Amino acid sequence: MTIFDIQKHLKALGHDPGPIDGVWGSRTRAALLSLLYVLRAIAVPGAASWNVARQRMAAEQAIMAASGFDTGPIDGLDGPRTQAARAQFQAQRNHSLDEVAPSAHSEIRQGRARHLVREIVIHSSATRPDWMGNNSLREQVEEIRVWHRARGWRDIGYHWIIGRDGSMLPGRPETEVGAHVQGHNSGTIGICLIGGFGSAATDRFSDHFTARQGITLEQQIQAISMRTPITRVSGHNEYAAKACPGFNVTRWLEGNQ
Ligand SMILES: [Zn+2]
């Protein structure tokens, strides 16, 4: 990726690099560190002291990870997993880098049928607040992946998972149809908040989730909306007789809880 490309991607992901000028300056570096912070569950300590070449490679990895591709650890090194992710990123997304910047033409499409993504569905893991509290978000995601595979699914059903501390990891790539809301999986992106045990559909967001989770969820809804024309953000409980995600998504979006 050129520095121009990296800057456009950072901007599209909601981390302002300043002017898109192709210069690796302090604002571009700050935008990278901001993205690494959001992804901190997979960021490597010491990133702030890497040289420019390694920062650029880390930016590429972070951009791909934030877009739902598995680059392996974000270490600024162009290893085999990063190379494989890059090939998928360029092929599966099936768009030129210029189209990633927010524009009327940005689209996320899923599966062979290329369903256009127009909706985000919010979920919870229905786990207690201290569930796997000594483990990293990556380990929590792996545990949920085990549950979902045990149901016969090929991978974790959600596209994004937001931990109690507000960090976030990709699950299934956004370009694949998820498994999170029966009858509405095609053309939707599923975001799962860790928590929500014992919740009711009418509870408040803050009854079960942290303020940091709320901030990350808002940012991620905005970021996805810049990459595909989202027309609706809903809760699982609007499609099934379930508590999940354990609050009223419409009221939360309106700022009323
Ligand atoms: Zn759900």
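**A chat about a two-domain model**

Q: Starting with A126: buried, exposed or partly exposed?
A: A126 is partly exposed, since 19 other C-beta atoms lie within 10 Å. Keep in mind that this is a predicted model.

Q: Where does A126 sit?
A: A126 is in the loop that runs between strand 3 (119-124) and helix 5 (137-150).

Q: What's the sign of phi there?
A: Positive: phi of A126 is about 55°, although the residue is not a glycine. As background, most residues other than glycine have a negative phi.

Q: OK, and what about phi of R114?
A: R114 also isn't a glycine, and its phi is positive, near 55°.

Q: Which elements flank R114?
A: R114 is in the loop between strand 1 (109-110) and strand 2 (115-116).

Q: So is R114 buried or exposed?
A: R114 counts as exposed because it has 12 C-beta neighbours inside 10 Å. The cut-off for exposed is 12 or fewer.

Q: Switching to peptide bonds: is the one from C244 to P245 cis or trans?
A: The bond from C244 to P245 is cis, with omega near 5°. In general, most peptide bonds are trans.

Q: And where is P245?
A: Look in the loop between strand 7 (232-235) and helix 8 (249-253) for P245.

Q: Let's zoom out. How is the protein split into domains?
A: The domain assignment gives domain 1 as 3-100 and domain 2 as 109-253. Their C-alpha centres are 23 Å apart.

Q: How many residues does each domain put into the contact?
A: Domain 1 supplies 14 residues and domain 2 supplies 18.

Q: What's the residue make-up on the domain 1 side?
A: Where domain 1 touches domain 2, it has 8 nonpolar, 4 polar and 2 charged residues.

Q: Any record annotation on the domain 2 part?
A: The UniProt annotation, from an unreviewed entry, reads "domain: N-acetylmuramoyl-L-alanine amidase" and covers residues 106-246. That span is 25% helix and 18% strand, and its end C-alpha atoms lie 31 Å apart.

Q: How many helices and strands does the whole protein have?
A: The count is 8 helices and 7 strands.

Q: Which helix holds I215?
A: I215 belongs to helix 7, residues 211-227. With 13 other C-beta atoms within 10 Å, I215 is partly exposed.

Q: How far is I215 from G166?
A: Their C-alpha atoms are separated by 7.3 Å, while I215 and G166 are 49 residues apart along the chain.

Q: What share of contacts overall is long-range in sequence?
A: Taking contacts between residues at least 6 apart in sequence, 61% join residues at least 24 apart.

Q: And the overall dimensions?
A: The C-alpha atoms fill a box of roughly 50 × 40 × 40 Å along the principal axes. The radius of gyration is 18 Å, which agrees with the value near 18 Å for a compact globule of 257 residues.

Q: What fraction of the protein is buried?
A: Buried residues account for 41% of the 257.

Q: Last topic, confidence. What's the average pLDDT?
A: The average pLDDT is 88, and 91% of the residues score at least 70.

Q: Where does pLDDT stay under 50?
A: That's residues 96-102, for which the model has 14 contacts beyond four places in sequence. Where pLDDT is low, the predicted coordinates should not be read in detail.

Technical notes. Residues numbered from 1 in each chain as written. Predicted model: local features only at pLDDT ≥ 70, side-chain atom pairs only at ≥ 80, totals over all residues. Domains from an automatic or database assignment. Contact = placed C-beta atoms within 7 Å. Nonpolar A, V, L, I, M, F, W, Y, C, P; charged D, E, K, R; others polar. Helix = DSSP H or I, 4+ residues; strand = E, 2+ residues; numbered from the N terminus. Rg over C-alpha atoms; globule rule 2.2 N^0.38 Å. Buried ≥ 20, exposed ≤ 12 C-beta atoms within 10 Å, placed from the backbone. pLDDT = per-residue confidence, 0-100. UniProt positions renumbered as here; feature names shortened; annotations may be inferred.
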